[in-house]
Amino acid sequence: MFFDPYVFAKPFLHSLDPEDAHELTLCALELGVVPGQPRGDDPVLATTLFGRRLSNPIGLAAGFDKNARVYERMGAQGFGFVEVGGVTPLPQRGNPRPRVFRLPEDGAVINRMGFPNEGAAAMESRLRRKGRPGIGFGINLASNADSADPADDFVGLARRFAPYADYLTLDVSCPNTANGQVFQDPARLADLLARLAAVEWGAARPALVAKLSPDVDDALLERLVTTLLGARIDGIIVANTTRARPADLRGARAHEAGGLSGTPLFGPSTAMLARVREITAGAVPLIAVGGVASGADAYAKLCAGASAVQLYTGLIYGGTALVTRIKRELVALLRRDGSPSIAEIAAR
Ligand SMILES: Cc1cc2nc3c(=O)[nH]c(=O)nc-3n(C[C@H](O)[C@H](O)[C@H](O)COP(=O)(O)O)c2cc1C
């Protein structure tokens with residue numbers, strides 16, 4: 001039986017402010033004192049994302065490793081790919097603390113961090129020093145909260161980070177900063193994509209992926225996705241956190257402002273994924289994120305049209321043993337349904 005130290009660490013970590021607990025977790029990962037998960041993935045879990053082979057389709061979502069401090073450790077924690085960031089051009093402090101709240105009764109978190117991060121130069125020097133991880137690698141890009149030209153921020157970041165990753169995510173869906181959602185205007189999104197299309201990438205062009213908000217109505221969603229496809233985006237991530245508050249939330253902090261993630265986001269983000277799949281009709285890979293806390297959740301996302309799945313909030317409640325459990329359960333579900341591989345489900 002595999003010993004899971006998170007069973008003992010969790011009560012202590014959850015007695016702390018969530019951000020302090022997170023900082024301790026990052027320090028422990030940096031120091032190499034977090035035991036790895038069992039190694040080796042069942043071959044049925046292998047798939048390909050943006051031309052890169054993944055040994056499994058489970059990824060670490062943006063926001064966990066905002067400053068690229070521990071990404072190289074995530075393969076040992078069982079992930080098939082990892083997304084660092086959101087990184088902005090200049091360092092920024094984000095919103096005043098407290099700004100992250102656990103809703104344990106709901107398996108959820110509310111955050112209004114507003115992209116605190118050390119900025120692009122600090123991230124780039126870490127990436128240069130540590131190199132790529134041995135797993136799939138994405139970098140999540142965002143504009144500075146007080147930027148006069150958010151599109152210019154994205155273009156500059158994309159040029160800067162192109163040589164370092166398999167894919168770059170345009171986070172055009174952050175609910176927590178003044179200009180986090182300006183690109184939910186399809187005209188402005190089209191302008192951003194045109195400016196990116198004009199970049200001379202040379203050999204280093206990574207896949208460009210857009211991350212969408214679940215807080216758009218169907219008509220706007222269709223316009224945004226059509227705009228993305230028209231500009232030859234390489235992939236779409238569905239979805240970011242939501243400002244919505246389901247009526248049945250039980251957590252005492254449910255009234256806090258910010259983006260809700262975790263279990264209550266599973267239903268809405270999976271329905272949105274199915275809709276995006278319908279609009280895109282398989283034209284680009286979709287990465288599904290939102291409330292994944294079991295193999296069945298991940299399987300539902302894959303069956304709804306995702307090529308790969310990410311998670312963050314599930315780790316706060318389950319630790320990285322959750323990644324191992326999800327993979328084990330996924331293998332059982334694939335066998336049950338006679339599916340030969342993840343890649344085959346994604347291609348359906
Ligand atoms: C504390 C926290 C910080 C986050 N920061 C970012 C971020 O910087 N960029 C981003 O695109 N998404 C960010 N997210 C959103 C996650 O990547 C993910 O889309 C969302 O949490 C839903 O997945 P989950 O339910 O598995 O957490 C953050 C989420 C949390 C909880």
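Colleague: Lys and Arg count as positive and Asp and Glu as negative, while His and the chain ends are not counted; on that basis, how many positive and negative side chains does the protein have?

Modeller: The protein has 38 positive and 36 negative side chains, and the centres of these two sets lie 4 Å apart, where the place of a charge is taken as NZ of Lys, CZ of Arg, CG of Asp or CD of Glu. Please keep in mind that this is a predicted model, in which local features need pLDDT of at least 70 and side-chain atom pairs count only at pLDDT 80 or more, whereas totals for chains, interfaces and linings use all residues. Residues are numbered from 1 along each chain as its sequence is written, and side-chain values use heavy atoms, with hydrogens and water left out.

Colleague: Okay, and what does the secondary structure come to?

Modeller: The protein has 11 helices and 13 strands, these being DSSP runs numbered from the N terminus, with at least four residues for a helix (H or I) and at least two for a strand (E). The radius of gyration is 19 Å, close to the 20 Å that the globule rule gives for 348 residues, so the protein is as compact as a globular protein of that length. That radius is taken over C-alpha atoms, and the rule is 2.2 Å times the number of residues to the power 0.38.

Colleague: What does the C-alpha trace span along its principal axes, and how much of the protein counts as buried?

Modeller: The trace spans about 55 × 50 × 45 Å along those axes. Of the 348 residues, 58% count as buried, a term that means under 20% relative accessible area, with exposed meaning over 50% and partly exposed lying in between (1.4 Å probe, protein chains only). The accessible surface comes to about 14,100 Å², and carbon and sulfur atoms hold 55% of that area, as computed by the Shrake-Rupley method with a 1.4 Å probe.

Colleague: Which residues touch the most other members in the largest nonpolar core?

Modeller: They are Ile139, Leu141, Phe161 and Ile236, in a core of 78 residues. Helix H10 (residues 321–336) gives the most to this core, with seven residues. A nonpolar core here is a set of buried Ala, Val, Leu, Ile, Met, Phe, Trp, Tyr and Cys residues joined through side-chain atoms within 4.5 Å. Apart from the largest core lies another one, of 11 residues, among them Leu54, Phe81, Tyr167 and Val209.

Colleague: Staying with H10, is Ile326 buried or exposed?

Modeller: Ile326, which is placed in helix H10, is buried, with a relative accessible area of 0%. Leaving aside residues up to four places away in sequence, Ile326 touches Ile58, Val292, Ser294, Gly295, Ala298 and Leu311, where contact means heavy atoms within 4.5 Å. The C-alpha atoms of Ile326 and Asp297 are separated by 8.5 Å, although these residues are 29 apart along the chain.

Colleague: Where does Ser339 lie, and what does Ser339 touch?

Modeller: Ser339 sits in the loop between H10 and helix H11 (342–347), and with a relative accessible area of 8% Ser339 is buried. Beyond residues up to four places away in sequence, the residues touched by Ser339 are Tyr299, Leu334, Glu344, Ile345 and Arg348.

Colleague: New topic: which residues does a cis peptide bond join?

Modeller: One such bond joins Gly85 and Gly86, with omega about 10°, and Gly86 belongs to strand E4 (residues 81–87). Another joins Val238 and Ala239, with omega about 20°, and Ala239 is found in the loop between strand E10 (235–238) and strand E11 (259–262). Most residues other than glycine have a negative phi, and most peptide bonds are trans.

Colleague: And where is a residue other than glycine found with a positive phi?

Modeller: Phe50 has a phi near 50° and is placed in the loop between strand E1 (47–49) and strand E2 (52–54). Phe115 also has a positive phi, of about 55°, and lies in the loop between strand E6 (108–111) and helix H3 (120–130), where at 7% relative accessibility Phe115 counts as buried.

Colleague: Last one: how far apart are Asp20 and Ala346?

Modeller: They are 326 residues apart in sequence and 38 Å apart in space, C-alpha to C-alpha. Asp20 lies in helix H2 (residues 18–31) and is partly exposed, with a relative accessible area of 38%.

Terms used. Lys, Arg positive; Asp, Glu negative; His and termini not counted.
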